[in-house]
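Please read the following account with the sequence and the model side by side. It goes from charged pairs to helix packing, and then to a loop and a patch on the surface.

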Amino acid sequence: MFLLRVVHIFSGIIWVGFGFFQLGVVGPAVRSFGSEGTKFRLALSQKGRYDQLIAAAALLTTLSGLTLYYLTSGNLNPAVVFAPARLGLNVGALVGVAAFLHGFFSIGRKSARLQALVGQMQATGGPPQPAQLAEARALGTQIERGGRVSAILMVTAVIGMASVG
């Protein structure tokens, strides 16, 4: 149990920290530098493994959290699961899983599409097509918007879990 808690807490710190770093630092810097910022973001993702680290932290947080939830709920005993004292934990767990799923299915897929698109643009050797640039901008906007949704979900999950006494 101790090891699961340590993994859950530290991977959660990394996941939430990376999410807020993306929203508060990387995103604004990328926007302010235009196409050069996009190159930086791609290098951060590809060479720095930024996206992979966030995904790994999110997966570790979610799996360790679900395991802890199962072990502390009397094997999902309804009398334990629905006890009033567990309301914050239940909300935190549900919202945490929602944050993971949102990040994986929404942000992760759009990030992968953006990386593939940029790879296509670089492979041609010439200037990108206007349609490619428009799609890249749209994907960037969607990813940023999704990051805000994820941040709200993660903060809600942390508050829910912190309410457990």
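In this predicted model, the side chains of Glu144 and Arg148 form a salt bridge, with a nitrogen-to-oxygen distance of 3.4 Å. Both residues belong to helix H6, and because they are four residues apart there, about one helical turn separates them. Arg148 has a relative accessibility of 43% and therefore counts as partly exposed, and Glu144, at 24%, is likewise classed as partly exposed, since the buried class is reserved for values under 20%.

Glu144 has a further partner, for its side chain also meets that of Arg31 in a salt bridge, here with 2.7 Å from N to O. Arg31 lies in helix H1, which covers residues 2-32, whereas Glu144 is in helix H6, so this pair ties together parts of the chain that are 113 residues apart in sequence. With a relative accessibility of 47%, Arg31 is partly exposed. Through shared partners, the salt bridges join Arg31, Glu144 and Arg148 into one network.

How many salt bridges does the model contain when a side-chain nitrogen of Lys or Arg must lie within 4 Å of a carboxyl oxygen of Asp or Glu? The count by this rule is three, and one of them is the pair of Arg113 and Glu135, whose closest N and O atoms are 2.9 Å apart. This salt bridge links distant parts of the chain, with Arg113 in helix H5 and Glu135 in helix H6, 22 residues apart. Arg113 is partly exposed, its relative accessible area being 30%, and Glu135 is also partly exposed, with a value of 30%. As general background, side chains of opposite charge can pair when their charged atoms come close.

The helices that carry this last pair can also be considered as whole elements. Two packed helices are described by the angle between their axes and the distance between the axes. Helix H5 spans residues 87-124 and helix H6 spans residues 130-162, and their axes come within 8 Å of each other and cross at roughly 165°. That angle makes H5 roughly antiparallel to H6, because crossing angles over 145 degrees are assigned to that class. The handedness of the crossing between H5 and H6 is left-handed.

The next stop is the loop between H3 and helix H4, the latter comprising residues 78-81, and Asn75 is found in this loop. Most residues other than glycine have a negative phi. Asn75, however, has a positive phi of about 55° although it is not a glycine, and Leu76, another residue other than glycine, has a positive phi near 65°. Leu76 is placed in the loop between H3 and H4 as well. Are these two residues exposed or partly exposed? Asn75 is exposed, because its relative accessible area of 52% lies above the 50% limit for that class, while Leu76, with 46%, is partly exposed.

Leu76 also takes part in a feature of the surface, since Met1, Tyr70, Leu71 and Leu76 make a nonpolar patch of about 380 Å², and membership requires a relative accessible area of over 30%. Leu71 meets that condition, because its relative accessible area is 45%, which makes it partly exposed. Leu71 lies in helix H3, which runs over residues 50-72, whereas Leu76 is in the loop between H3 and H4, so that the patch takes in residues from both the helix and the loop.

Notes: Residues numbered from 1 in each chain as written. Predicted model: local features only at pLDDT ≥ 70, side-chain atom pairs only at ≥ 80, totals over all residues. Heavy atoms only, no water. Patch = residues over 30% accessible without salt bridge, like charges linked within 9 Å, V, L, I, M, F, W, Y side chains within 5 Å. Areas by Shrake-Rupley, 256 points an atom, 1.4 Å probe, with all protein chains shown as cover. Helix = DSSP H or I, 4+ residues; strand = E, 2+ residues; numbered from the N terminus. Buried < 20%, exposed > 50% of the residue type's maximum accessible area, 1.4 Å probe, protein only. Axes fitted to C-alpha atoms, helices over the stretch in contact; angles between N-to-C directions. Parallel < 35°, antiparallel > 145°, perpendicular 65-115°, else oblique. Left-handed = near helix turned anticlockwise from the far one by under 90°.
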